[in-house]
Amino acid sequence: VVVYLMSELSRDLAVFVFASTNDNGRDHILYKNVPKNTVKIFVVGGCGFIGSNFIRMMLTKHPDVSILNFDKLTYSGNPDNVRDLSKNSRYTFVKGDVVRQASIKKAFKAFKPDYLINFAAETHVDKSIHVGSKEFVLTNVMGIFNLLELVREFGVKNYVQVSTDEV
């Protein structure tokens, strides 16, 4: 997947502005300088084990890549997994939920990604039985639907779904 992604390099904008809603419902704006001549990868669920290691590998091996990490920070998303990347000019973290279409659309519109890689999923079957299946349906069905709609609307070159059999 990585080799294929990197075979279609793109050159785009240098700066983006992103407005998001934080936990208390207020919007805040992030200004981030994205290096010119960069490939922009929008990663969903990048604070989990696999996603955070993917982000770290891409930033280490590919100096022409910038990444926006969009993560809800649920039971499997740990901000400590990417804390060391916070000062990297090619990395941006945005707390958000794929179920909230308006929130993720704002991030897409601002970042204008070339590629989308989704690591986010509700994956613990026992939680779906004991806690309830609503979060599973929302994230694993509606969340992915929202991502696919954005891929189509914004002309993202490639969408990669990294997941388990629950999705």
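Which residues in helix 3 are buried? In this predicted model, they are Ser103, Ile104, Ala107, Phe108, Ala110 and Phe111. The close-ups below start there and move on to helix 5 and the strands.

**View 1. Helix 3 and the residue that follows it, Lys112.** The buried set in helix 3 includes Phe108 and Phe111. Right after the helix comes Lys112, which is found in the loop between helix 3 (101-111) and strand 6. Have a look at the backbone here: Lys112 has a positive phi of about 50°, even though it isn't a glycine. Most residues other than glycine have a negative phi. As for its surroundings, Lys112 counts as partly exposed because its relative accessibility is 39%, which falls between the 20% and 50% cut-offs.

**View 2. Helix 5 from end to end.** Helix 5 covers residues 134-154. With 21 residues at 1.5 Å each, it should span 30 Å, and the end C-alpha atoms sit 28 Å apart, so the two agree. Quite a few of its residues are buried, among them Phe136, Thr139, Asn140, Gly143, Ile144 and Leu147. Further along, Leu150 and Val151 are buried as well. The residue that follows helix 5 is Gly155, again with a positive phi, this one near 65°.

**View 3. The kink at Met142.** Zoom in on Met142, which belongs to helix 5: a kink of about 25° is centred on this residue. Met142 is partly exposed, as its relative accessible area is 36%. For a distance to check in your viewer, try Met142 to Gln101: their C-alpha atoms are 9.2 Å apart, with the two positions 41 residues apart along the chain.

**View 4. A nonpolar patch on the surface.** Four side chains make up this one: Val137, Val141, Met142 and Phe145. Together they offer about 340 Å² of accessible area. Val141 sits in helix 5 and is partly exposed, given a relative accessible area of 48%. Met142, the residue at the centre of the kink, is part of the patch too.

**View 5. Strands 6 and 7 side by side.** Strand 6 (residues 115-118) pairs with strand 7 in the parallel sense, over four bridges. To get your bearings, find Tyr115, which stands opposite Asn158 in strand 7. In a regular strand the side chains alternate between the two faces of the sheet. Strand 7 (residues 158-161) shows this alternation: Asn158 and Val160 point to one face and are buried, whereas Tyr159 and Gln161 point to the other and are not.

Technical notes
Residues are numbered from 1 along each chain as its sequence is written. This is a predicted model: local features need pLDDT of at least 70, side-chain atom pairs count only at pLDDT 80 or more; totals for chains, interfaces and linings use all residues. Side-chain values use heavy atoms; hydrogens and water are left out. Buried means under 20% relative accessible area, exposed over 50%, partly exposed in between (1.4 Å probe, protein chains only). Helices (H or I, at least four residues) and strands (E, at least two) are DSSP runs, numbered from the N terminus. Two strands pair if DSSP finds at least two bridges between them. Patches are made of residues with over 30% relative accessible area and no salt bridge: like charges are joined within 9 Å, nonpolar side chains (Val, Leu, Ile, Met, Phe, Trp, Tyr) within 5 Å. Accessible areas come from the Shrake-Rupley method with a 1.4 Å probe; for residues, only the protein chains shown count as cover. The expected span of a helix is 1.5 Å times one less than its number of residues. The bend at a residue is the angle between axes fitted to the seven residues ending there and the seven starting there.
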